[in-house]
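Here's a set of exercises to work through with the model open beside you. Try each task before you read its solution.

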Amino acid sequence: MPHPRVEEVLALGKPSDGFLVPLSANTYNIAFHSFKIRDMATNKTLFEVDGTKEPEDGENQSQVTHPVNDLDPESAARTIRYVFNRSFLKAKTIGTKLVFSVGDKPVPNFRMVERHYFREKLIKSFDFTFGFCIPNSTNSWEAIYDLPELTKEQEDDIVAHPFETKSDSFYFVDGVMVMHNKAEYAYNG
């Protein structure tokens, strides 16, 4: 089966059923090391995970877990659950910083498409291009997101239905999908 192209994921109107590529599609050995989310208006860190250091007490107000009911190890390795405070929904613009490494092959035209849904309905789609990554390098990628403005009713609905907010993150090299991760979100932490 050919790997999905960018145009195909941009046409998705709801979260994908399962994963669109196997873990073995990551022939570039792209590995994620740290991830940080901050409110751009206040510069406050909303979430941070760094695989290279131990978190300090009280450093992270949010929680992250892998779904416990998922028995498939490949799916569990690519699915994450975030628990944020309700205040996260009030942020207008956030910045994310991802630190990642690549293996011994050049990575041309590295691109991420991230699609966010609530109850099977698309809320927002983000499309970022990193460009070229040299072999055996560690890179950082910072992206700025303008978040959709929510009504009080929408915010209440999202908070009342934990983990019904979901996202698919698709990673492409030269227009061919090499990675696909999923996340679920709760805003009642």
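**Exercise 1. In this predicted model, find the largest nonpolar core and say which residues have the most contacts inside it.**

Solution. Start with the size: the largest nonpolar core has 33 residues. The residues with the most contacts inside it are Ile30, Phe84, Phe100, Phe110 and Tyr187.

Next, see which elements feed it. At least two core residues come from each of β2, β5 (93-101), β6 (107-118), β7 (121-133), β8, α3 (152-160), β9 (165-173) and β10 (176-186).

Now zoom in on Ile30. Leaving out residues up to four places away in sequence, Ile30 touches Phe100, Ser101, Val102, Phe110, Val173, Val178 and Met179.

Finally, don't miss the other core. A second, separate one has 8 residues, among them Val6, Ala25, Phe172 and Met177. As background, nonpolar side chains in soluble globular proteins tend to be buried together.

**Exercise 2. Describe the pairs that Phe84 forms with Phe88 and Phe100 with Phe110, and say whether these rings are buried or exposed.**

Solution. Two values do the job here: an aromatic pair is described by the distance of the ring centres and the angle of the planes. The model holds 20 aromatic pairs in total.

Take Phe84 and Phe88: their centres are 4.3 Å apart with 20° between the planes, and the pair is stacked. Buried means under 20% relative accessible area. Phe84 has 1%, so Phe84 is buried. Phe88 has 9%, so Phe88 is buried too.

Then Phe100 and Phe110: this pair is tilted, at 5.4 Å centre to centre and 55° between the planes. Phe100 sits in strand β5 and Phe110 in strand β6, so the pair ties together parts that are 10 residues apart in sequence. Phe100 is buried, with 0% relative accessibility, and Phe110 is buried at 0% as well.

To finish, step back to the wider group. Phe84 and Phe88 belong to one aromatic cluster, together with Phe35, Phe47, Tyr82, Tyr185 and Tyr187.

**Exercise 3. What is the strand order of the open sheet of 4 strands, and which strands stand at its edges?**

Solution. Trace the pairing and you get β2-β1-β5-β8, with antiparallel pairing. β2 (45-50) and β8 (138-146) each have a single partner strand, so one side of each is left without a neighbour in the sheet, and these two are the edges. From one strand to the next, the twist averages 15°.

Zoom in on one pairing: β1 (residues 31-39) and β2 run antiparallel and are joined by 5 bridges. In that pairing, Phe35 stands opposite Val49 in β2.

**Exercise 4. How many bridges pair β6 with β7, and what sits between these two strands?**

Solution. Count the bridges: β6 and β7 pair over 10 of them, in the antiparallel sense. Met112 stands opposite Phe128 in β7. The two strands form a hairpin with 2 residues between them, and Arg119 in the turn has a positive phi of about 50°.

**Exercise 5. Where do Asn43 and Phe163 lie, and what is the sign of phi for Asn43 and for Phe163?**

Solution. First the background: most residues other than glycine have a negative phi. Asn43 lies in the loop between β1 and β2, and its phi is positive, about 65°, although Asn43 is not a glycine. Phe163 is in the loop between α3 and β9; phi there is near 70°, again a positive value in a residue other than glycine.

One more look at Phe163: the charged end of Arg81 sits over its ring, 3.8 Å from the centre. For another case of this kind, go to Phe19, where Lys182 lies over the ring face at 5.9 Å from the ring centre.

**Exercise 6. Is Thr165 buried or exposed, and what does Thr165 touch?**

Solution. Place it before anything else: Thr165 lies in strand β9. Its relative accessibility is 4%, and Thr165 therefore counts as buried. Not counting residues up to four places away in sequence, Thr165 touches Tyr117, Phe118, Ile158, Ala183, Glu184, Tyr185 and Tyr187.

Definitions and conventions
Residues numbered from 1 in each chain as written. Predicted model: local features only at pLDDT ≥ 70, side-chain atom pairs only at ≥ 80, totals over all residues. Heavy atoms only, no water. Pairing = 2+ DSSP bridges. Axes fitted to C-alpha atoms, helices over the stretch in contact; angles between N-to-C directions. Core = buried A, V, L, I, M, F, W, Y, C linked by side-chain atoms within 4.5 Å. Buried < 20%, exposed > 50% of the residue type's maximum accessible area, 1.4 Å probe, protein only. Contact = heavy atoms within 4.5 Å. Phe/Tyr/Trp six-rings, centres within 6.5 Å; stacked < 30°, edge-to-face > 60°. Lys NZ or Arg CZ within 6 Å of the ring centre and 35° of its normal.
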